[in-house]
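Look at the structure below, then read the report that follows. The headings mark the topics in turn.

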Amino acid sequence: MGFILTCALGCVAIEGWLTAADPPLVDVPGQVDREVALPRVPELPSQPWSGVEAPGEPGDRLFAEGTIHDLALSLSDEAYRALRDHPDEQVQGVLTWHGVAYDAGIKIKGSSSFRSIRQKASFKIDVHQYDRERRIDGLKRLTLNNMIQDATMLREHAYYWLAGALAIPAPRHGYARVTVNGEPFGLYGLVETMDGRLMKRLFPDDKDGNLYEASGADFTEARNWFDLQVDGGIVPTPDDMDDLVRALEGADSDAFADVFAERFDLEPVLRYLALDIVTGNDDGYVFNHHNYHVYHQALSDRWVLLPWGTDRSFTQEVSPYGGHATPIVGELVRRCWGDDRCAGQLREQIEVVLHIWEDGGFLEMLAASTELVTDACEADPRREKRCDQEEIEAFVDERAAYVREHLE
């Protein structure tokens, strides 16, 4: 399978995956707080939000390009103190969006980006915790990232936009201004949560697989630390992951490419690895075997890697082959570069990424998103860094030429 074409209307077709052509930009009175003309804006209802779910893909309104939503969290005194003292435990609160209130389970998330409720906390929100039929724009859960380590407040958004444009299975990303008990907490990244609903969207024909979260994990016995997040019914679990690791470890250098192609959905996996390389994502799988998920498709018996936590992308001007300060540590990439056939396929996917980077609407999206978030970043009362959107712009301007030079 390979890259097929870029249509005159802006669609990118890839066998087994499809991203739609850019529809005309639309005006949506009453739906959003601020709009900037961006590519690929979905058609939205023209009437103010009523709380009734509209037809379309779940999350279409929440993740519409050019939108900053207003989300209000309300916590009782007891719930606030519980989050302050036990941030990893879920409390009951209320999420309000477009005047509609949702009883929700709320907890604080994060590792290196963790901040307490008295600072700029990141949140996981579950609107179906207390009512199993409840949905917000068709979704059960939302993730709110504080973007505290990203002075541009653009890195995750840019990465996930590229993933979508490249038909890499990945969550969607948007923006929200968040208040807690009426107090402004600033601008947040709104991320589609890694759960069963997302797997159904990404794998509609193979939605009953197992989803694993990796934390410092890789496909070796020594670093096989994958946590089962969604049990889709492949039995037994997690023996499927153990079987994958054994197959890879048992493959010598001559057999690796065949085992890799047999066990993984090769094209989207290679394209994901290529995207990590091109964006210099130094905290993802390629350079840190961190911040990714793995999905085992039940029917096809193929594995796919999914990006997560991409706020360290667009940072490192690192060679596609790694370097002394930022070596390649991901087992799949390290072994792929060591095999002529696999290395050639990976180089092809890097070129696919660079094509979308240069000619697929990415630069236009980035310019419009910069305009969207600049004022909101400056107005964020809890940000810890000086807003600097030029950081990502400088990286993007030079990166394609740098990658091609070092591939030769």
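## Ser319

Ser319 has a relative accessible area of 12%, so this residue counts as buried, since buried means under 20%. The model in which this is found is a predicted one. Along the chain, Ser319 lies in the loop between strand 14 (303–307) and helix 8 (331–337).

Which residues does Ser319 touch, not counting residues up to four places away in sequence? They are Phe287, Tyr402 and His406.

## The chain as a whole

The chain contains eleven helices and 14 strands. It has 408 residues, and 55% of them count as buried. The accessible surface of the chain is about 17000 Å², and carbon and sulfur atoms account for 46% of that surface.

Contacts can also be sorted by separation along the sequence. Among the contacts in the chain with a separation of 6 or more, 66% are between residues 24 or more positions apart.

## Nonpolar cores

The largest nonpolar core is made up of 89 residues. Phe219, Leu273 and Leu305 are the residues with the most contacts inside this core. Leaving out residues up to four places away in sequence, Leu305 touches Pro169, Phe219, Phe264, Val269, Tyr272, Leu273, Tyr285, Tyr292, His293, Val294 and Leu332. Two of the names in that list, Phe219 and Leu273, are thus contacts of Leu305 and also stand with Leu305 among the residues with the most contacts in the core.

There is also a second core, separate from the largest one, with 30 residues. Its members include Ile106, Phe123, Leu142 and Leu190.

## Strands 5, 6 and 7

Strand 6 covers residues 100–109, and seven of its ten residues are buried, which leaves the strand mostly covered. Strand 6 pairs with strand 5 (residues 91–97) in the antiparallel sense, over seven bridges. One of the pairings is between Thr96 and its bridge partner in strand 6, Ala101. Strand 5 and strand 6 form a hairpin with two residues between the strands. In this hairpin His98 takes a positive phi near 55°.

Strand 6 also runs antiparallel to strand 7 (residues 122–126), and five bridges join these two strands. Here Lys109 has Ser122, in strand 7, as its bridge partner. As a general point, the side chains in a regular strand alternate between the two faces of the sheet.

## Disulfides

A disulfide is a covalent bond between the sulfur atoms of two cysteines. How many disulfides does a search of the whole structure find? The search finds two.

One disulfide joins Cys336 to Cys342, with an S to S distance of 2.0 Å. The torsion about this S-S bond is about -105°, so the disulfide of Cys336 and Cys342 is left-handed. Cys336 counts as buried because its relative accessibility is 0%. Cys342 has a relative accessible area of 1%, so Cys342 is buried too.

Another disulfide is formed by Cys377 and Cys387, and their sulfur atoms are 2.0 Å apart. The torsion about the S-S bond of Cys377 and Cys387 is about -100°, so this disulfide is left-handed. The two cysteines are ten residues apart: Cys377 is in helix 10 (residues 362–378), while Cys387 is in the loop between helix 10 and helix 11 (390–407). Both Cys377 and Cys387 are buried.

Technical notes. Residues numbered from 1 in each chain as written. Predicted model: local features only at pLDDT ≥ 70, side-chain atom pairs only at ≥ 80, totals over all residues. Heavy atoms only, no water. Core = buried A, V, L, I, M, F, W, Y, C linked by side-chain atoms within 4.5 Å. Buried < 20%, exposed > 50% of the residue type's maximum accessible area, 1.4 Å probe, protein only. Contact = heavy atoms within 4.5 Å. Disulfide = S-S within 2.5 Å. Helix = DSSP H or I, 4+ residues; strand = E, 2+ residues; numbered from the N terminus. Pairing = 2+ DSSP bridges. Areas by Shrake-Rupley, 256 points an atom, 1.4 Å probe, with all protein chains shown as cover.
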